[in-house]
Amino acid sequence: MTTSSDTSAPSTDALNFRSIDFRGRHLSLAELRAAVPRAQHQTMADAEQKVLDIISDVRRRGFAALGELARKFDGVEQSHPRVPAEALTRALAELDPQVRAALEESIKRARQFADQQRPANVDVQLGDGAVVSQNWIPVGRVGLYVPGGLAPLASSVIMNVVPAVAAGVESIALASPPQKDFDGLPHPTILAAAKLLGIDEVYAIGGAQAIVSFAYGIPGSGDELPLEPVDVVTGPGNIFVATAKRLVKGVVGIDSEAGTTEIAILADSTAQAPLVAADLISQAEHDPKAASVLVTDSAELADAVVLELARQAGATKHSARVLEALSGPQSGVVLVDDLEQGIAVCNAYAAEHLEIMTTEAAAVASRIRNAGAIFVGDYSPVSLGDYCAGSNHVLPTSGTAAFSSGLNVTTFLRAVQVINYDRAALEQVSGHIESLSGAEDLPGHGDAVRIRFAQGL
């Protein structure tokens, strides 16, 4: 990639937005997945060992371990992580009216979308007296995680709670990191959002230890209230949160590995460089490890975007964090021959957020198979999805969008099959059951049917 020699252009010295050139190369899916920008594997391995240590410690020592971790990572003293009811009430009473109005609008739109997501139960009559049904039943209890470290993501309270409520979950617990500036409680805007949504079981627990606490539960003693285990854990977070979710999967259900945020933008020569750069920065400001990737067949656009990144990143509030994220191995521009190759790259990357800034953007979006959420055109930025689109911003990262979905109502539901045959209906297929049980050398299966038609029974 080249950069302009115009001395009036912003300096790119502090920015190392790397370039990967796929032009003229015919790469397989495996080669594409290996070549697109990603976080370094060593970082992920290091995170896994640290999380394994936390799992062991929290399971062994419970609230005592949580207190030490709060002191170590959050700089707060903590006797018990449960947030008092009065703190939730106070946070909502003191909430800025404009922020409250914004939260209420976000809640309204999220509810409208979530209420339409619940699938219908089905009854299928396969013959006289032979009915098979599928019923959608909510899980009993969920644990919702809301990040609050570098940014207090009050919007994530909405994204977690609204679909759980729409699914009919009866017991909802929420955890968010304790904040030194707020007397060891989560950020007050997060508490206010929880209160606004009617959630009163809130814990000041951050990171991997929150996920572990939800998965295994923590027993109480004396007057100390227990933290009961949950059936499903959801919510975004950093690499440690995502790693913890992966490690407890099987003990509990999870939504997806919604780790450090990422954005990919598929753009052609018609895209506007200032908009592309602004959207890449909007996700880079989340975390120094956030991923911002541009996929384009226009070298001229790529050059213009690099200049815009340098200009806008230098002026934004979290400039150092943004520049670190943009300069990391997980970020960069991928140059492709044409739109076809660009679509292939995007499907291989499987972005958490994918923006389409091309001609006929809606048609291009319809050809994307792998993405957590797709944002179409100049007026559907990721920021819209983060707050007020009505969609959910808890989405799969690190390529897991190839097989995982974003958080939605079905995350909190189980499809339970109900089989209801009468005597005549069973008798009609009894011979087939006996034949198959013999073929599989499982004669007891056939006997279990045959006995129902024996004399005297």
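Author: A salt bridge here is a side-chain nitrogen of Lys or Arg within 4 Å of a carboxyl oxygen of Asp or Glu. By this rule the count comes to 15 salt bridges. This is a predicted model, where local features need pLDDT of at least 70, side-chain atom pairs count only at pLDDT 80 or more, and totals for chains, interfaces and linings use all residues. Residues are numbered from 1 along each chain as its sequence is written, and side-chain values use heavy atoms, with hydrogens and water left out.

Reader: What makes Arg246 and Glu48 a salt bridge?

Author: Their side chains meet at 3.2 Å, N to O. The cut-off is 4 Å, so the pair qualifies. Arg246 lies in helix α9 (residues 239-248) and Glu48 in helix α2 (residues 41-61), so the bridge ties together parts that are 198 residues apart in sequence. Helices here are DSSP runs of H or I with at least four residues, strands are runs of E with at least two, and both are numbered from the N terminus.

Reader: Why is Arg246 called partly exposed?

Author: Its relative accessible area is 29%. Buried means under 20%, exposed over 50%, and partly exposed in between, with a 1.4 Å probe and protein chains only. So 29% puts Arg246 in the partly exposed class. Glu48, at 30%, is also partly exposed.

Reader: How do you know that Glu340 and Arg367 form a salt bridge?

Author: The N to O distance is 2.7 Å. That is within 4 Å, so the rule is met. Glu340 lies in helix α13 (residues 339-349), and Arg367 in the loop between α14 (361-365) and β13 (371-376), so the pair ties together parts 27 residues apart in sequence. Glu340 is partly exposed at 46%. Arg367 is partly exposed at 39%.

Reader: What separates Arg450 and Asp447 in helix α17?

Author: About one helical turn, because they are three residues apart in helix α17 (residues 443-450). Their side chains meet in a salt bridge of 2.4 Å, N to O. Arg450 has a relative accessible area of 40% and is partly exposed. Asp447, at 38%, is partly exposed.

Reader: Which residues are linked in a network of salt bridges?

Author: Asp57, Arg60, Arg61 and Glu68.

Reader: How many disulfides does a search of the whole structure find?

Author: Zero. A disulfide is a covalent bond between the sulfur atoms of two cysteines. The test applied here is a pair of cysteine sulfur atoms within 2.5 Å. As for individual cysteines, Cys346 is buried at 3% relative accessibility, whereas Cys388 is partly exposed at 27%.

Reader: What makes the nonpolar surface patch?

Author: Val122, Val124, Leu126, Ile419 and Tyr421 make a patch of about 450 Å². The elements that give two or more residues are β2 (122-127) and β14 (413-421). β2 gives the most, with three residues. Patches are made of residues with over 30% relative accessible area and no salt bridge; nonpolar side chains (Val, Leu, Ile, Met, Phe, Trp, Tyr) are joined within 5 Å, like charges within 9 Å. The areas come from the Shrake-Rupley method with a 1.4 Å probe, and for residues only the protein chains shown count as cover.

Reader: How do you know that Tyr421 counts as partly exposed?

Author: Its relative accessibility is 32%. That lies between 20% and 50%, so the label is partly exposed. The residue sits in strand β14.

Reader: Why is Ser430 called buried?

Author: Its relative accessibility is 13%, which is under 20%, so it counts as buried. Ser430 lies in helix α16 (residues 423-439). Not counting residues up to four places away in sequence, Ser430 touches Val449 and Phe453. Contact means heavy atoms within 4.5 Å.

Reader: What covers the buried residues of α12?

Author: The cover includes α10 (273-284), β10 (291-296) and α11 (299-315). In α12 (residues 319-327), the residues Ser319, Arg321, Val322, Leu323, Ala325 and Leu326 are buried.

Reader: What makes β6 and β8 edge strands?

Author: Each pairs on one side only. Five strands form an open sheet in the order β6-β5-β4-β7-β8, with parallel pairing. β6 covers 202-204 and β8 covers 253-254.

Reader: How do you know that β4 and β7 pair?

Author: Pairing needs at least two bridges found by DSSP between two strands. β4 (residues 141-145) and β7 (residues 232-234) have three, in the parallel sense, so they pair. In β7, Val233 is the bridge partner of Gly143.
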